[in-house]
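Hi everyone, thanks for coming. Please have a look at the chain on the screen, and then we'll walk through it together.

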Amino acid sequence: MGRGRPRKTDPEQALDTAMKVFWNKGFEGTSMSDLVCATGMAKPGLYACFGDKETLYKKSLTRYFNNLGTPLLDDLEHSTDPLPLVVRRFLETVAHSMLDESCPSGCFVVNSLIEGASQHPALKAIGKEYDQRRRDVFSQRFADAQKNGEIPTQVNAQALADFFAAQSLALGVMGRTGTNEKELSNFIDVALTALPANH
């Protein structure tokens, strides 16, 4: 008895490809035909493997966050390096990812938030969830830094955390508009001047 036809497309590779399509074109701008063409999977195969377009979008955004966002946040949260070094490393890593020509422009999470007004509430919610996770890690890191004496007690640590979380969003927008490496570097240098020294 002959074997069944082998699967021609690896699901993990297909999900990576779908992720880049959604990252580049957004949910509304991506059609199932776009996904079929990019992944090489027939429409029935895509539905069988990943579910409908909305489910595939959620899986794509989750994959992006897990692969790119989670390692960054883990370093921000757990590194024992001084706060200025950790924050600079976070922002510079975001900036470098914006310059990666093998990926679509900008940050997928930021792009999702920008597109959110026209999205189904369930899709809008997942982008907000990942944005909130980033904000929460910044908040915790700055609260810990204040307890450890890295920033003065009279400084509003939450406001600083919100400011730097916003800078990572800004870098994502700048990457989407084609900002060059020098401009991104200058932006980070200026942003870091907001960190108060604890004398």
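Let's begin with a question: what percentage of the 199 residues in the protein do buried residues make up? The answer is 41%. Please keep in mind that this is a predicted model.

Now the overall layout. The protein has 9 helices and 0 strands, so if you read from the N terminus, the order is simply α-α-α-α-α-α-α-α-α. Along its principal axes, the C-alpha trace spans about 75 × 35 × 30 Å. Of the contacts with a separation of 6 or more, 68% join residues that are 24 or more positions apart.

What about the outside? The protein exposes about 10600 Å², and 53% of that comes from carbon and sulfur atoms. As for charge, there are 22 positive and 24 negative side chains, with the centres of the two sets 8 Å apart.

Let's zoom in on helix H8, residues 157–176. How far should its 20 residues span? At 1.5 Å a residue, we expect 28 Å, and the end C-alpha atoms are 29 Å apart, which agrees. At the N-terminal end there is a cap: a side-chain oxygen of asparagine 156 lies 3.2 Å from the backbone nitrogen of glutamine 158.

Which residues of H8 are buried? Among them are Ala157, Leu160, Ala161, Phe164, Ala165, Gln167, Ser168 and Leu171. Look at the spacing of those numbers as you read them. An α-helix has 3.6 residues a turn, so residues three or four places apart point the same way. The cover over the buried residues of H8 includes helix H5 (83–98), helix H6 (108–115), helix H7 (121–147) and helix H9 (181–192).

Let's keep walking along the chain. Just after H8, glycine 178 takes a positive phi of about 85°. Threonine 179 sits in the loop between H8 and H9. Is threonine 179 buried or exposed? It is buried, because its relative accessible area is 15%, and the cut-off for buried is under 20%. A polar atom of its side chain lies 2.9 Å from the backbone oxygen of methionine 174. Setting aside neighbours within four places in sequence, threonine 179 is in contact with Leu99, Met174 and Leu184.

Then comes glutamate 181, in helix H9. Glutamate 181 counts as exposed, because its relative accessibility is 51% and exposed means over 50%. Its C-alpha atom and that of alanine 165 are separated by 20 Å, and these two residues are 16 apart along the chain.

Back to H5, which was part of the cover over H8. We can run the length check again: the 16 residues of H5 should span 22 Å at 1.5 Å a residue, and the end C-alpha atoms are 23 Å apart, which agrees. Its buried residues are Leu83, Val86, Val87, Phe90, Leu91, Val94, Ala95 and Met98. What do they pack against? The partners are helix H4 (53–78), H7, H8 and H9.

One last stop: alanine 48, in helix H3, residues 43–50. Alanine 48 is exposed, with a relative accessible area of 70%. Between the C-alpha atoms of alanine 48 and valine 137 there are 36 Å, with 89 residues separating the two along the chain.

That's the tour. Thanks for listening, and I'm happy to go back to any of these spots with you.

Key. Residues numbered from 1 in each chain as written. Predicted model: local features only at pLDDT ≥ 70, side-chain atom pairs only at ≥ 80, totals over all residues. Heavy atoms only, no water. Helix = DSSP H or I, 4+ residues; strand = E, 2+ residues; numbered from the N terminus. Buried < 20%, exposed > 50% of the residue type's maximum accessible area, 1.4 Å probe, protein only. Contact = heavy atoms within 4.5 Å. Areas by Shrake-Rupley, 256 points an atom, 1.4 Å probe, with all protein chains shown as cover. Lys, Arg positive; Asp, Glu negative; His and termini not counted. Charge placed at Lys NZ, Arg CZ, Asp CG, Glu CD. Expected span 1.5 Å × (residues − 1). Polar contact = N/O pair within 3.5 Å; in protein donor to acceptor, adjacent residues only side chain to side chain.
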